[in-house]
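I open this notebook to record what I looked up in one structure, entry by entry. The entries run from burial and ring pairing to the cavity, the overall fold and the backbone.

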Amino acid sequence: MVPTIIGVGILVLFVVGFVACYNSLVRQKITVEEAFSNMDIYLKKRYDLIPNLVETVKGYAGHEKETLSQLVNLRSVEYGSMSDEEKMKKSSEISRAIPKILAVAENYPDLKASTNFLNLSNQLNQVEQDIANSRKYYNGAVKKYNVSIQSIPTNFVAVLLKYEKKPLYEIDNEEERQNVKVNF
């Protein structure tokens, strides 16, 4: 009788522990998905803002075709058809190209003074700040999730249910890691 009660007690503890670990992993996985979704909204907003910026700059700097076409080519794939990994990669490429188009604008005082350009530039700046904040939130959620699926006892549940490690959003370009040089 006593061994049976002990066996049932252990089984109940095991089930309660499994359910607790499972629920924790589900909450964290949903948080990661929500964090990516938030970041995705801002990436899409920037993706849609770029043609307006390019068209505005084209009107003033038509002969800067290489810089402009590079940015347009980065938008050649339909945003909705990309995987999450492709979206993060494309975002990094766009992040590297945007300063080039803004540098082109520096050469054209009329463009810099254009209300349309200033408005688009301010919108782009705000979207970039939103993207940076959402990347931080995403990386925080991914870190917590990845720690959980690699820590005891949740790692047993994660392996059993095939929960896999999620990628952090990282800067993949050495240029982006460098300090900005400002000359007066």
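**Entry 1: burial of two tyrosines.** I call a residue buried when its relative accessible area is under 20%, and exposed when it is over 50%. The model is predicted, and I read it as such throughout. I looked up tyrosine 79 and found a relative accessible area of 5%, so tyrosine 79 is buried. For tyrosine 47 the value is 3%, which is likewise under the 20% cut-off, and therefore tyrosine 47 is buried.

**Entry 2: aromatic pairs.** How many aromatic pairs does the structure hold? I count 3 aromatic pairs. One of them is formed by tyrosine 47 and tyrosine 79, with 5.0 Å from centre to centre and 50° between the planes, a tilted arrangement. This pair links distant parts of the chain: tyrosine 47 sits in helix H1, tyrosine 79 in the loop between helix H2 (65–74) and H3, and 32 residues separate them.

**Entry 3: the cavity.** I searched for enclosed space, because rolling a probe the size of a water molecule over the atoms shows where empty space is left. The structure holds 1 cavity of 30 Å³ or more. The largest cavity contains about 60 Å³ of space. Which residues line the largest cavity? I list Leu43, Arg46, Tyr47, Tyr79, Met82, Lys87, Lys90, Ser91 and Ile94. Both tyrosines of the pair in Entry 2 are thus in my list. By class, the lining has 5 nonpolar, 1 polar and 3 charged residues. At least two lining residues come from each of helix H1 (2–60) and helix H3 (84–106). H3 contributes the most, with 4 residues.

**Entry 4: leucine 43.** I then took up one lining residue, Leu43. Leucine 43 belongs to helix H1. Is leucine 43 buried or exposed? Its relative accessibility is 3%, so I enter leucine 43 as buried. Setting aside neighbours within four places in sequence, I find leucine 43 in contact with Tyr79, Lys87, Ser91, Ile131 and Arg135. Among these partners, Tyr79, Lys87 and Ser91 also line the largest cavity. I also noted that the C-alpha atom of leucine 43 lies 9.7 Å from that of serine 134, although the two residues are 91 apart along the chain.

**Entry 5: the chain as a whole.** I recorded 7 helices and 0 strands in the protein chain. Along the sequence the pattern reads α-α-α-α-α-α-α. Of the 184 residues, 35% are buried. For contacts between residues at least 6 apart in sequence, 80% join residues at least 24 apart. The chain exposes about 11,900 Å², and carbon and sulfur atoms supply 57% of that area.

**Entry 6: backbone.** I checked the backbone for departures from the usual pattern, because most residues other than glycine have a negative phi, and most peptide bonds are trans. Where is a cis peptide bond found? I located one from isoleucine 152 to proline 153, with omega near 5°. Proline 153 lies in the loop between helix H5 (115–150) and helix H6 (154–160). Lysine 162 has a positive phi, near 60°, and is not a glycine. I place lysine 162 in the loop between H6 and helix H7 (174–177). Its relative accessible area is 69%, which is over the 50% cut-off, so I enter lysine 162 as exposed.

Notes: Residues numbered from 1 in each chain as written. Predicted model: local features only at pLDDT ≥ 70, side-chain atom pairs only at ≥ 80, totals over all residues. Heavy atoms only, no water. 1 Å grid on protein atoms, 1.4 Å probe; cavity = no way out; pocket = protein on both sides within 12 Å on 5 of 7 lines; lining within 4 Å. Points joined across faces, edges and corners; volume = space filled by probe spheres on them. Nonpolar A, V, L, I, M, F, W, Y, C, P; charged D, E, K, R; others polar. Buried < 20%, exposed > 50% of the residue type's maximum accessible area, 1.4 Å probe, protein only. Contact = heavy atoms within 4.5 Å. Areas by Shrake-Rupley, 256 points an atom, 1.4 Å probe, with all protein chains shown as cover. Phe/Tyr/Trp six-rings, centres within 6.5 Å; stacked < 30°, edge-to-face > 60°.
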